[in-house]
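Q: I am new to this structure and would like to be shown one part of it in close detail. Could you start from a single residue and its surroundings, and then work outward so that I can place that part within the whole?

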Amino acid sequence: MSLDEFGDFGNPEVEGSAFLDSQYNMVEFAKKYFRQSSGSKSDSFRDKSKKGKDPAELVKFSKTPIQESLIEFNDPNMNRVASEIFLAIMKFMGDHPLRGQSEHFVVCTFLKLIGEYGLMKDEAYCQVLKQITANTSSKPDSCQKGWRLLYTLTAYCRCSEVLKPFLVKFLQDACKSQGALFQGIAKACEQNLRKTFQFGGRSVFPSSMELKAIMAGRSSKRQLFLFPGGIERHLKIKTCSVALDVIEELCYEMALQRLEAMDEYTVFIVTNRGMNVRPLNKREYILDIATEAEQIDSNYSFWLRRVIWAQPLKFDNELSVTIHYNQVLPDYLKGLLNVLPPGKVSEQQFNQIAKLAALQHRTKDSLYSPTIHEIAEYIPGQLFTRQGPQQWMHLVTQHTHAVQSLNPHQARAQFLGLVCAFPMFGSSFFYILSSSNSAISTPCILAVNQNGLHFLDEDTHEVLVKFPLKLVQSTHTQRPSAGTSYPYVDILLGDMTNPRVTQLQLEQGLELCRVIAMHIENLLSLRQKRLTLPPSEITLL
C-alpha cells in the first residue's frame, strides 16, 4: 500500500441542522461542565492560577500542558489521565517535543488512553477542540495536525449524547465559515462521527501507512475486491467504510438495488493462501480488517460472494450472471449440487450433463468443438467415468452444435437456469472430518442452505440427515484439542425444551458459524416480514 492509494478529503457540503443554534456553542458547554467555570465549586477544586477564568478562554488553544481535566470528574485519578492525553495531543500537533517517539506511537497512545478510560472520550474531544480553536502556535502546521487528530478521533470514539450537539455544531460552523481553511476536513469529521454512532467506531489502531496518508490529507485508499472467478474491482475505501458499504457498491454494479437482494451477499477476508476464510459482519470496518490481516499475511484478499440464494436469479445483468456462474461452477464440477446415482445413469441424465458441458464450452466463445480433454474438465469426475470418452465426445458435440447460436452471456445464463433446479443449488459446502452425533457418519459433506443443514454422503452426496434452520439454537467455535489440528464447532440443535450439542470438526469453523448465522438472520427477517404484512400479501413471499 502506498500513499498514492489514498484520495483527498472531499469538498464540504453544508447541511442544515438544528444544532446550529447558539445554545450549543462550546463556550456554553464549558460554562456547564468545565471545572473552571463552576462558581459553586470551592477553590480547592480549581487551578489557583486560573481562578475565575472566562469560559471563552477555556475553550481556546493553550501553549502549556494542563495539570487537571477540563471536565469536572469525581475521580481525582482522571486528572493524571487527562494530562497524559493533553500531552499526547500537544506532541502530535508539534507543540511539545516528541523526545524520540513517533507520531504513530503518540496517536496509538492517545487512542489507547481513551479506550482504557471510557470517561475520557468527552474530555479528549474537548481537549482537541480547545487546541484547534484560536490556535496561536508558533508551529505553522499545528492547527492542521490538530484537525487531522480530530478526524482520527471521530473515526474511533463516540462522544456522549450531552456533548454531541456541541461537537456537531462546532464541525458545522467550520464547514460553513467563508474562507475557512478546514472546511473539507470538518465535513469529513462530521461524516466519520455519523458512521461511528451508527457502527460503533474503529477498533484497530491505524497502521503507520494509514496515519501517513491522513497526515498527507488523504482520507481514502484504493482497495482490491475480488468477485468469484477472480474478477477485480478497486473501490475507494474511506477511514470509516464498513463491509455493508462495499456490498452496496458492488451489488449496485450488478444492478441489485433492493435491500433484500444485498442481504444475500457478504465480504470474505482470505489469508494464508485460501486456508483461512472468514465472512465479515456487515458492521465491520474494512481498514480494521485490512490492518489486522496485513500483520498475518501481506497477500490477504477480500472477496464478495453470495451466501443466501432466496431471491430469484436475474439474467439481464452480464456481470451478475458471470459472477454467479463463476461461483456455482466449481461446486457443480465437484458433483456437489446433485445426488450421484449409484447405479446406471439414465439417457436423460447423460444428455443433461452433455448439454451443461456444451454450455461451459460456449462460455469461452470458442469456434471449435471441444477436445476430449476439455470435455473431461466440463463433467464431474464421478460421472465422466460412467461411459466411454468417445460416447461423451459424440454426445457433447451434438449439444455444442445446438448451442452454437448463443453468445457467452446467454450460455452462462442457460447453465445457471439448468443447475438452479438441482437439489443442493444455493448451498455453502463444508468438509466434516468428524462428528459427535451418531446419526452423522463421517467424513461427510455439510451443505448449508435456506432449507437447513444437510449432511451428505462423501461419495454419492445423498442426504444422510437433515436439520431445518428452526432447530439451530446457537453455534460457536472451539479451539483444537490436544493432538488435533482442526477446530471444532458446537451446534446446539433441537427445540427449546430438549436441545443437544452436536460437535463437528472441520477446517473452516468460523466460516460455517457465520454462514449459518446469515441464514438464520434471513429466516427471522422473512418471519418478521410475514408478521407485519397484510394477509393479502403474505402469499407473495
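A: A good starting point is Ala255, which is partly exposed because its relative accessible area of 44% falls between the limits of 20% for buried and 50% for exposed. The structure in front of you is a predicted model, and everything that follows should be read with that in mind. Ala255 sits in the loop between H10 and H11, and its backbone is worth a look, since phi of this residue is near 65°, a positive value in a residue other than glycine. For comparison, most residues other than glycine have a negative phi, and most peptide bonds are trans.

The loop between helix H10 (243–253) and helix H11 (259–262) also holds Gln257, which counts as exposed because its relative accessibility of 56% is over 50%. Once neighbours within four places in sequence are left aside, the contacts of Gln257 are with Tyr252 and Met262.

From here the view can be extended to Ser320, a residue of helix H13. Ser320 counts as buried because its relative accessible area, 4%, is under 20%. Apart from its neighbours within four places in sequence, Ser320 is in contact with Met254 and Lys314.

Helix H13 leads on to the open and closed spaces of the model. As a general point, rolling a probe the size of a water molecule over the atoms shows where empty space is left. The largest pocket holds about 940 Å³ of space and is lined by 33 residues, with Arg305, Asp331, Lys334, Phe429 and Glu511 lying nearest its centre. Strand S4 (265–271), strand S6 (301–306), helix H13 (318–333), strand S7 (428–432) and helix H19 (509–532) are the elements that give two or more residues to this lining. In character, the lining of the largest pocket divides into 18 nonpolar residues, nine polar and six charged.

There are also two cavities of 30 Å³ or more, and the largest cavity has a volume of about 60 Å³. Its lining is formed by Trp309, Gln327, Val328, Asp331, Leu337, Gly426, Ser427 and Phe429, and helix H13 gives the most to it, with three residues. Four of the residues lining this cavity are nonpolar, three are polar and one is charged. Asp331 and Phe429 thus appear in the lining of the largest cavity, and they are also listed among the residues nearest the centre of the largest pocket.

The packed interior comes next. The largest nonpolar core has 65 residues, and within it Phe110 and Trp147 have the most contacts. At least two residues of this core come from each of helix H1 (26–33), helix H3 (78–93), helix H4 (103–116), helix H5 (120–131), helix H6 (142–156), helix H7 (164–176), helix H8 (183–199) and helix H9 (208–215), with H3 supplying the largest share, 10 residues. Trp147 shows how such a position is surrounded: neighbours within four places in sequence aside, Trp147 is in contact with Ile132, Phe170, Leu171, Ala174, Phe182, Ile185, Ala186 and Cys189. Apart from the largest core lies another core, of 40 residues, which includes Val328, Leu329, Ile375 and Tyr378. Val328 is also one of the residues that line the largest cavity.

A few further places can be set beside the starting loop. His461, in the loop between strand S10 (452–457) and strand S11 (463–467), has a phi near 65°, again a positive value in a residue other than glycine. Unlike the partly exposed Ala255, His461 is buried, because its relative accessible area of 3% is under 20%. Another backbone feature is the peptide bond from Thr442 to Pro443, which is cis, with omega near 0°; Pro443 lies in the loop between strand S8 (434–435) and strand S9 (444–449). In strand S2 (residues 218–227) you will find Lys221, which counts as buried because its relative accessibility of 4% is under 20%, and its side chain makes a polar contact of 2.9 Å with the side chain of Gln223.

Seen as a whole, the chain has 20 helices and 14 strands, and buried residues make up 50% of its 541 residues. Of the contacts between residues at least 6 apart in sequence, 66% join residues at least 24 apart.

How values were computed. Residues numbered from 1 in each chain as written. Predicted model: local features only at pLDDT ≥ 70, side-chain atom pairs only at ≥ 80, totals over all residues. Heavy atoms only, no water. 1 Å grid on protein atoms, 1.4 Å probe; cavity = no way out; pocket = protein on both sides within 12 Å on 5 of 7 lines; lining within 4 Å. Points joined across faces, edges and corners; volume = space filled by probe spheres on them. Helix = DSSP H or I, 4+ residues; strand = E, 2+ residues; numbered from the N terminus. Nonpolar A, V, L, I, M, F, W, Y, C, P; charged D, E, K, R; others polar. Buried < 20%, exposed > 50% of the residue type's maximum accessible area, 1.4 Å probe, protein only. Polar contact = N/O pair within 3.5 Å; in protein donor to acceptor, adjacent residues only side chain to side chain. Core = buried A, V, L, I, M, F, W, Y, C linked by side-chain atoms within 4.5 Å. Contact = heavy atoms within 4.5 Å.
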